[in-house]
Amino acid sequence: MSKYFDLTRRSFLKSSATAGALVLGTYFMGAAPRAMAGVLAKPSESAKMANLFVALRPDGVVEITCHRSEMGQQIRTALAQIVADEMEASWDKVVVIQGKGDPKYGDQNTDGSRSIRYNMQRLREMGASVRHLMQQAAATRWDVPFDSCSAVQHVVTHTSGKTLTYAELVNDALKITPPELDRITLKERSEWRYINTAMAHIDLKDIVTGKATFAADVLEPKALIAVVVRPPVVGGKVKSFDAKAVKAIDGVVDVVEIPAAKGAPQFQPKGGIAIIANNTWAAIKGRRALTVSWDDGKNGDYNSEAFKASLLETVSKPQKSVREKGDAANVLANASDKLVADYYVPHLAQAPMEPPCATAMYYKDRVDVWAATQNPQADMETVGAMIGMPKEKINVHVTMLGGGFGRKSKPDFSAEAAYLSMKTGKPIRVQWTREDDIQHGFYHAVSAQHIEASLDENGGIDAYLHRTAFSPIASTFQQDATAPFSFELRLGFTDNPINTPNMKLESGEAPAKARIGWMRSVSNIFHAFAIQSFIAEAAHKAGRDQKDYLLETIGPDRIIDVTEQNAEYDNYGADKDAYPLDIGRLRKAIEKVADMSGWGRELPKGRGLGIAAHRSFLTYVATVVEVEVSDAGDLKIIKSWASIDAGTVVNTDTVKNQVQGGSIFGITAAISDGITFDKGRAQQSNFHDYRVPRMSDAPLDVEVEIIPSDAPPAGVGEPATPVYAPALCNAIFAACGKRIRQLPIGNQLKA
């Protein structure tokens with residue numbers, strides 16, 4: 001097995017010779033400043049650290065290290081595709097190595113739909129560097145010009161016809177200084193072999209045959225199992241407990257109190273009492289036998305109905321302006337024809353199929369952690385802070401994730417395992433149950449939206465006012481934060497595409513009484529729901545077709561720069577010139593999906609089509625949903641269609657899968673009961689009362705088309721979700737005339 005080193009290009013030769021294999025590193029982002037516990041790391045222009053490696057072994061096998069987490073999105077396949085394509089590697093000689101948590105890789109936080117966007121260029125350069133080295137090694141061996149050699153599929157060929165394999169050239173390549181970037185030639189798009197194809201998931205066979213290792217599959221023979229009784233209210237703590245009955249249960253080894261979180265929640269454990277046993281069943285029985293009383297703290301008064309009323313009250317009044325154009329307030333005050341609507345979305349849970357799980361082994365000078373984590377560097381920081389050890393001493397091994405959706409970027413479960421291992425001196429696996437996950441998560445923010453529009457004589461929007469209020473993610477990192485940061489508002493709010501001469505966007509405050517965290521698509525979910533529902537309502541009021549009115553409302557092809565309208569907007573951290581807010585691309589997505597769905601066709605009674613479109617994570621998605629609503633109010637989703645423009649695409653099959661999965665995830669937002677609270681306690685506990693879509697809830701087909709594009713790669717994992725709920729609710733209105741402004745849909749169709 002080859003070794004991996006921190007190395008610069010200049011030190012490559014010496015280090016790789018020692019390793020006995022050709023090991024190539026590049027240096028890009030790395031030690032970027034971290035504003036929020038390692039969550040918001042961005043590419044750094046100045047950091048120069050080796051981070052991602054390709055190793056070409058003497059037998060010709062290529063090891064490609066994946067520094068991102070695999071949770072079903074096929075990132076291990078996609079990253080390997082990019083490197084292998086540029087290095088002209090034979091696919092059957094490629095293996096993927098999972099990288100541990102380490103800052104040398106740069107950002108490892110697998111969220112925000114940015115794995116390809118952040119890494120594609122540097123991975124291409126890395127692969128091209130290897131190809132260059134192979135050609136140079138062959139040219140030197142043959143004493144011929146570099147340009148007379150070409151590399152194809154693990155073989156370098158001279159114009160004379162003689163050949164050498166990569167395996168035959170490894171030792172020669174070790175003696176060559178890697179090329180500077182200006183000497184590397186990237187392949188033309190027309191030459192791509194793997195990129196922009198539908199290559200199969202490299203882990204699929206292991207997953208379906210049970211060979212893949214998920215967090216709960218990590219079997220340390222001496223590990224004890226822990227389940228935790230956590231405070232039912234965020235900010236609460238143990239008042240007293242009696243573990244006598246627990247310790248009488250066969251298999252229970254120990255009972256350990258975990259300290260309550262201090263200050264802002266960040267990714268700290270909630271605290272509580274851990275039951276440690278020889279097996280999971282004994283630990284669960286022990287937890288049931290525990291007697292404990294709690295001090296609920298200041299969040300013990302959290303009640304969802306009361307909070308909903310307070311949010312709606314907030315958005316009914318003027319709030320802080322975050323984008324302004326023209327004089328919307330004056331036009332609305334004098335409007336002869338107005339449309340006013342309020343929208344509400346409850347807390348939602350990520351609900352991955354695999355609940356959180358981590359195993360930890362504490363030593364005096366280090367800790368080893370195996371975890372289903374989306375962000376191993378956050379594990380390093382959180383575990384280090386929990387046990388008082390430098391993060392550099394925390395080794396985080398990333399397992400496969402049985403779904404993540406944002407939940408597993410918050411490693412409180414890893415910190416629990418490490419703390420318990422430290423206290424007991426034994427390896428500990430902390431196993432969350434489904435109930436733990438539903439009741440003690442980092443929830444998607446509850447929100448209320450208020451929109452007003454003045455309509456001109458043709459029904460067009462000539463003034464638009466939108467107020468949003470939601471418990472901010474900022475509260476997870478800053479104690480008592482009540483207002484969203486700009487990065488939350490730019491998720492579908494400040495980048496509103498409506499083309500009107502008068503617009504005012506306002507943001508209100510909302511305290512957080514629960515832990516608030518990222519969930520697939522984040523604030524785009526409730527912002528897109530409100531905006532796309534409102535546009536459809538305006539279309540109906542104007543007597544216009546939904547699709548035609550949507551196109552008219554977003555206006556002609558053009559580039560929008562919302563910062564010119566006093567908006568703070570970072571464009572998902574991307575350069576505005578490379579990733580402009582392009583209305584032309586949004587229009588094409590709408591027109592494409594309309595064609596796919598046969599928009600405008602006759603439908604039988606009780607059926608309807610709904611449409612919605614939205615830009616998120618720099619990608620443009622439009623969705624049409626066809627539904628049937630019976631006279632009794634029973635809803636059936638017949639089929640849905642989606643078009644996506646995500647710029648340059650690496651794996652076309654992955655993109656379609658992500659859009660299909662994101663669509664089904666969007667159904668959850670629409671039909672789930674949501675997470676509600678009473679006396680600070682989550683009232684849902686499992687899939688029987690936190691409903692995720694069953695097969696009967698899903699359409700038989702989610703048809704997806706990728707719009708070809710040469711634009712830089714954008715996000716794929718999340719953009720299909722925000723459009724689904726509004727498209728679904730617009731379809732319901734078209735089918736039966738009932739407008740859904742508050743989620744979940746629940747029994748609203750029965751009324």
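Modeller: A polar contact is a pair of N or O atoms within 3.5 Å; within protein, one atom must be able to donate a hydrogen and the other to accept it. Keep in mind that this model is predicted.

Colleague: Which residue offers the backbone oxygen that the side chain of Arg 434 reaches?

Modeller: Arg 434 sits in helix H12, residues 434-439. Its contacts beyond four places in sequence include Met 353, Pro 355 and Phe 687. The side chain reaches a backbone oxygen at 2.8 Å, and that oxygen belongs to Pro 352.

Colleague: How far from Arg 434 is the nearest side chain of opposite charge?

Modeller: Arg 434 is buried and has no salt bridge. A salt bridge needs a side-chain nitrogen of Lys or Arg within 4 Å of a carboxyl oxygen of Asp or Glu. The nearest candidate for Arg 434 is Asp 437, at 4.8 Å.

Colleague: Which residue does Asp 437 meet in a salt bridge?

Modeller: The N to O distance in this bridge is 3.7 Å. The pair links distant parts of the chain, 30 residues apart: Asp 437 is in helix H12, and the partner is in the loop between strand S17 (394-398) and helix H11 (412-424). Asp 437 counts as buried because its relative accessibility is 5%. The partner, buried at 0% relative accessibility, is Arg 407.

Colleague: How many residues separate Glu 324 and Lys 504?

Modeller: Their side chains meet in a salt bridge, 4.0 Å from N to O. Glu 324 belongs to strand S13 (residues 320-325) and Lys 504 to strand S21 (residues 503-507), so the bridge links distant parts of the chain, and the separation is 180 residues.

Colleague: Is Lys 504 buried or exposed?

Modeller: Its partner Glu 324 has 32% relative accessibility, so Glu 324 counts as partly exposed. Lys 504 has 18%. The cut-off for burial is under 20%, so Lys 504 is buried.

Colleague: Why does the bridge between Asp 561 and Lys 576 tie together parts of the chain, and how many residues apart are they?

Modeller: The closest N and O atoms of Asp 561 and Lys 576 are 3.2 Å apart. Both residues lie in the loop between strand S22 (559-560) and strand S23 (581-582), so the pair ties together parts whose separation in sequence is 15 residues.

Colleague: What is the relative accessibility of Lys 576?

Modeller: Asp 561 is partly exposed, with a relative accessible area of 23%. Lys 576 also counts as partly exposed, and its value is 37%.

Colleague: How many salt bridges does a search of the whole structure find?

Modeller: Some salt bridges share partners: Asp 85, Glu 88, Lys 187 and Arg 193 join into one network. Across the whole structure, the search finds 49.

Colleague: What is the area of the nonpolar surface patch that includes Leu 204?

Modeller: Leu 204 is in helix H5, residues 204-208. Patch members need over 30% relative accessible area, and Leu 204 is partly exposed at 45%. Together with Ile 207 and Val 208, Leu 204 makes a patch of about 260 Å².

Colleague: How far apart in space are Ala 538 and Ile 207?

Modeller: Ala 538 is in helix H15, residues 524-542. At 0% relative accessibility, Ala 538 counts as buried. Leaving aside neighbours within four places in sequence, Ala 538 contacts Leu 339 and Tyr 549. Ile 207 is 331 residues away in sequence, and the C-alpha to C-alpha distance is 47 Å.

How values were computed:
Residues are numbered from 1 along each chain as its sequence is written. This is a predicted model: local features need pLDDT of at least 70, side-chain atom pairs count only at pLDDT 80 or more; totals for chains, interfaces and linings use all residues. Side-chain values use heavy atoms; hydrogens and water are left out. Helices (H or I, at least four residues) and strands (E, at least two) are DSSP runs, numbered from the N terminus. Buried means under 20% relative accessible area, exposed over 50%, partly exposed in between (1.4 Å probe, protein chains only). Lys and Arg count as positive and Asp and Glu as negative; His and the chain ends are not counted. Contact means heavy atoms within 4.5 Å. Patches are made of residues with over 30% relative accessible area and no salt bridge: like charges are joined within 9 Å, nonpolar side chains (Val, Leu, Ile, Met, Phe, Trp, Tyr) within 5 Å. Accessible areas come from the Shrake-Rupley method with a 1.4 Å probe; for residues, only the protein chains shown count as cover.
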